[in-house]
Amino acid sequence: MYNVTEPDGDNMDIMICPVCGQALERENRIRRCENRHSYDIAKEGYVNLLSARRSGDAMGDNREMALSRRDFLNKGYYQPLAQAVTDCLSEYSSDGDVVLDICCGEGYYTAYAAERLDRRFYGFDLSKNMVRLAAKRKAPAEFFVANIASIPIADSSVKAAFHLFAPFNAAQFGRIISDDGVILTAIPGRDHLYGLKEILYDSPYRNDEQEPQAEGLTAIRRIRVRGEITLNSREDIQALFQMTPYYYHTPSQGMARLDTLEKLSTPIEFVIIVYKKQQGATL
Ligand SMILES: C[S@@+](CC[C@H](N)C(=O)[O-])C[C@H]1O[C@@H](n2cnc3c(N)ncnc32)[C@H](O)[C@@H]1O
Ligand SMILES: [Zn+2]
């Protein structure tokens, strides 16, 4: 479907033109394909590869929510997940391999892993605001704006990809990872944020650990990550609440209970699922 870029030593680039699928070369402040489609590199260092005119910022989190998410993650509350993802990437890739953070958001996990592993890290997101925040982290990683529906990356060019709390696109994931590559995703575990749900709901339920539809991929491993976190400020409690789906459907009594809370302890729990490409799958 897309041209695979020719290997060119360590400088092999994996980004392709979203219009024609040809390799994108870097020239000073732009990236350009041989058909002369060109994309500016922003002053923060990321490149916008969205071919559609519509900006991704209209969808998803607004800037205020993005900043609050960034500040919350920077405090390390989800560090056990970041470490487990990093350990897993370390196991399934080697020095110099390409690692991609799919829907990287404001880049907390990309930066965490890129600062600890000697790989070639890339991250992309539909939202330019998010990608700008990610690039500002100055981690050893390249960021670009793109849509998961058509990832502008050459076929089979990624050794390990990871994908956290974002739309899932099995066909695209299978296309971009190499035959011996992996893609990791994470789902909330049974007890994830149960302490928060006990405040919000009269009859809280446990998560059902439903896994995504992953046609063309085979789950080869599941890794459970558990921790207990204590939030000591209303600001952190609200930031966590905003990051959850409960933010959009919580009864007003539950909201009121949360508003008065100064301290919250809750389990966090995730299941990391490791997928390989199904050999012979039609993508
Ligand atoms: C809940 S955030 C998770 C971000 C990051 N993975 C993390 O865990 O911190 C979901 C992200 O998916 C991005 N997103 C939503 N739809 C997308 C799409 N079609 N293509 C690329 N990114 C998308 C949003 O912009 C948002 O940054
Ligand atoms: Zn082109």
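**View 1. The surroundings of ligand 1.** Of the 17 residues around ligand 1, those that come nearest are Cys 103, Gly 105, Leu 126, Ile 148 and Ala 166; a residue is near a molecule if its C-beta atom, placed from the backbone, lies within 6 Å of it. By class, the shell around ligand 1 holds twelve nonpolar residues, four polar and one charged. Here Ala, Val, Leu, Ile, Met, Phe, Trp, Tyr, Cys and Pro count as nonpolar, Asp, Glu, Lys and Arg as charged, and the others, Gly among them, as polar. Please keep in mind that this is a predicted model, in which local features need pLDDT of at least 70, side-chain atom pairs count only at pLDDT 80 or more, and totals for chains, interfaces and linings use all residues. Residues are numbered from 1 along each chain as its sequence is written, while chains are lettered from A and ligands numbered from 1 in the order in which they are written.

**View 2. Tyr 108 and its contacts.** Tyr 108 sits in helix α3, residues 108–114 (helices are DSSP runs of H or I with at least four residues, strands runs of E with at least two, numbered from the N terminus). Tyr 108 counts as buried because it has 25 C-beta neighbours inside 10 Å; the cut-off for buried is 20 or more other C-beta atoms within 10 Å of a residue's own, with C-beta atoms placed from the backbone. Leaving aside residues up to four places away in sequence, Tyr 108 touches Arg 70, Leu 73, Asn 74 and Ala 82, contact being C-beta atoms, placed from the backbone, within 7 Å.

**View 3. Tyr 108 and Arg 137.** These two residues are 29 apart along the chain, and 8.4 Å separates their C-alpha atoms.

Conventions:
Buried ≥ 20, exposed ≤ 12 C-beta atoms within 10 Å, placed from the backbone. Contact = placed C-beta atoms within 7 Å.
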